[in-house]
Amino acid sequence: MKWTRQAAGWAVIGAAAALALGVWLTRTVTAGMRFDQPITIVVTFPAGGGTDLLARRLGAAMQERLGQTVVVENRPGASGNIGARHVAEAAPDGATLLMVNSSFAINPGVYRHLDFDPKRDFKAVFNAGTIASVLVVPQASGYTQLRDVVAELQGATQHAPIPFASCGNGTPQHLAGEMLSRAVHVRLQHVPYKGCGPAITAVAGGEVPLGVVTASSAAQLIEAGRVRAIAVTSAKRLAQMPEVPTVAEQGAPGFETQQWHGLLAPAATPDAVVQQWHAVLTQIVAEPAMQQALSAQGYAPVRQTPAEFAGQIQADMERFARLTQQLGLQVD
């Protein structure tokens, strides 16, 4: 009994010490994170999409942790290039960050005439996580799985291309649709929207019969019964929708495509500021409530240093350049 009480006492002391250490680390990391103006997170897509929702969730947590105003500013257009150019020209003081997804690495291979340099004008700060896309149809659609679409089209002697909505030209969802068309040997016609939010709304309203959007963008409308998920683009089924089969299960073995979401800063931002932001954001996403919220939206965590994230972006630019050339995708 004496040993048990002693162990319990040490446990209490240990827990208190861990809590004190966590508070000290938080104060130490955030001590230098003071700005004379609101912190701005520029989102390169419209409100309502997965990138926007993630930015707002992180922004609220940043504001609470730092005690400073955080503003999420949507600057959509040209698959994120308009917002990216704005941040490339922003003051490199750490107060302006750019929220992007994998389309940032796709754009150099799709747009020939960018008025900024994606490789030189930014510093990688934080990779918030990866997420799969989901194929959705209107709730009234007769399609319940992707194999229904494939079977119908392959059984027809001829058919017009089926329109599919994506989150914009050159987005990961655009590529996923083009890859899908070739993988299952059906004709799909791309219909770009200015973000995943408008794209999923168009599918729900019956404007287009098929959509490819991020799982996080589709989650609410799937739950509300306004759209139906018929496939996911990940290698395995998502824990959030285990009843939805993968594309690979439905006639395209080996098919897989996911995207990352992360924060960048203007290139001249001091490395010390980048490291501070990385530390703050690492603490934020490590919180159980945040982990649960991100997991519920379909995000898988990624542990990368800023340098490792920068390396992934560079590697993806090269990989996507080869892929878009193979697919013959060119926007301008």
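Which residues is Leu-238 in contact with, leaving aside its neighbours within four places in sequence? In this predicted model, the answer is Ala-132, Ala-215 and Val-232. Leu-238 sits in the loop between β8 and β9, and with a relative accessible area of 10% this leucine is buried, as the cut-off for that class is under 20%. One of its partners, Ala-215, is 23 residues away along the chain, and the C-alpha atoms of the two are separated by 9.2 Å.

The loop between β8 (227–232) and β9 also holds Thr-246. Its relative accessible area is 1%, so Thr-246 is buried. Beyond its neighbours within four places in sequence, Thr-246 is in contact with Ala-231, Val-232, Ser-234, Ala-235, Lys-236 and Arg-237. Val-232 thus appears among the contacts of Leu-238 and among those of Thr-246. Across a much longer stretch of sequence, Thr-246 and Val-134 are 112 residues apart, yet their C-alpha atoms are 8.9 Å apart in space.With these loop residues placed, the picture can be widened to the whole chain. The protein has 11 helices and nine strands, and 50% of its 332 residues count as buried. Among contacts with a separation of 6 or more, residues 24 or more positions apart account for 79%.

In soluble globular proteins, nonpolar side chains tend to be buried together. Here, the largest nonpolar core has 55 residues, and those with the most contacts inside it are Met-62, Val-213 and Trp-277. A second, separate core is made of 23 residues, including Phe-104, Ile-106, Leu-323 and Leu-327. The surroundings of Val-213 can be listed in some detail. Leaving aside neighbours within four places in sequence, Val-213 is in contact with Ser-133, Val-134, Val-136, Cys-167, Gln-173, Cys-196, Ala-199, Ile-200 and Ala-218.

Several of these residues return in the packing of two helices. Helix α7 (residues 196–204) and helix α8 (residues 215–223) pack at an angle of about 35°, with their axes 9 Å apart, and α7 passes α8 in a right-handed crossing. On the α7 side the contact is made by Cys-196, Ile-200 and Ala-204, and on the α8 side by Ser-217, Ala-218 and Leu-221. Sorted by character, the residues of this contact comprise five nonpolar, one polar and no charged. Cys-196, Ile-200 and Ala-218 are also among the residues that Val-213 contacts.

Ala-204, which is found in α7, deserves a further word. Not counting residues up to four places away in sequence, Ala-204 touches Leu-221, Arg-226 and Val-227. Its C-alpha atom is 5.5 Å from that of Val-227, with the two positions 23 residues apart in sequence terms.

Elsewhere in the fold, helix α3 (residues 81–88) has Asn-81, Gly-83, Ala-84 and Val-87 buried. Viewed down the helix axis, the buried residues of α3 fall within an arc of 160°, so they line one face of the helix. Their cover includes β1 (39–43), β3 (96–101), α4 (103–110), β4 (122–138) and β9 (258–266).

Helix α4, part of that cover, is itself mostly covered, with six of its eight residues buried. These are Ser-103, Phe-104, Ala-105, Ile-106, Asn-107 and Val-110. Phe-104 and Ile-106 also belong to the second core. The elements covering the buried residues of α4 include α3, β3, β4, α6 (172–184), β9 and α11 (306–327). Helices α3 and α4 therefore each appear in the cover of the other's buried residues, where cover rests on contact, that is, heavy atoms within 4.5 Å.

The loop between β2 (70–74) and α3 contains Ala-78 and also Ser-79. Phi of Ala-78 is near 55°, a positive value in a residue other than glycine. Ser-79, likewise not a glycine, has a positive phi of about 55°. How does the accessibility class of each turn out, buried or partly exposed? Ala-78 counts as partly exposed because its relative accessibility is 36%, whereas Ser-79, at 8%, counts as buried.

Conventions: Residues numbered from 1 in each chain as written. Predicted model: local features only at pLDDT ≥ 70, side-chain atom pairs only at ≥ 80, totals over all residues. Heavy atoms only, no water. Axes fitted to C-alpha atoms, helices over the stretch in contact; angles between N-to-C directions. Helix = DSSP H or I, 4+ residues; strand = E, 2+ residues; numbered from the N terminus. Left-handed = near helix turned anticlockwise from the far one by under 90°. Nonpolar A, V, L, I, M, F, W, Y, C, P; charged D, E, K, R; others polar. Core = buried A, V, L, I, M, F, W, Y, C linked by side-chain atoms within 4.5 Å. Buried < 20%, exposed > 50% of the residue type's maximum accessible area, 1.4 Å probe, protein only. Arc of directions from axis to C-beta.
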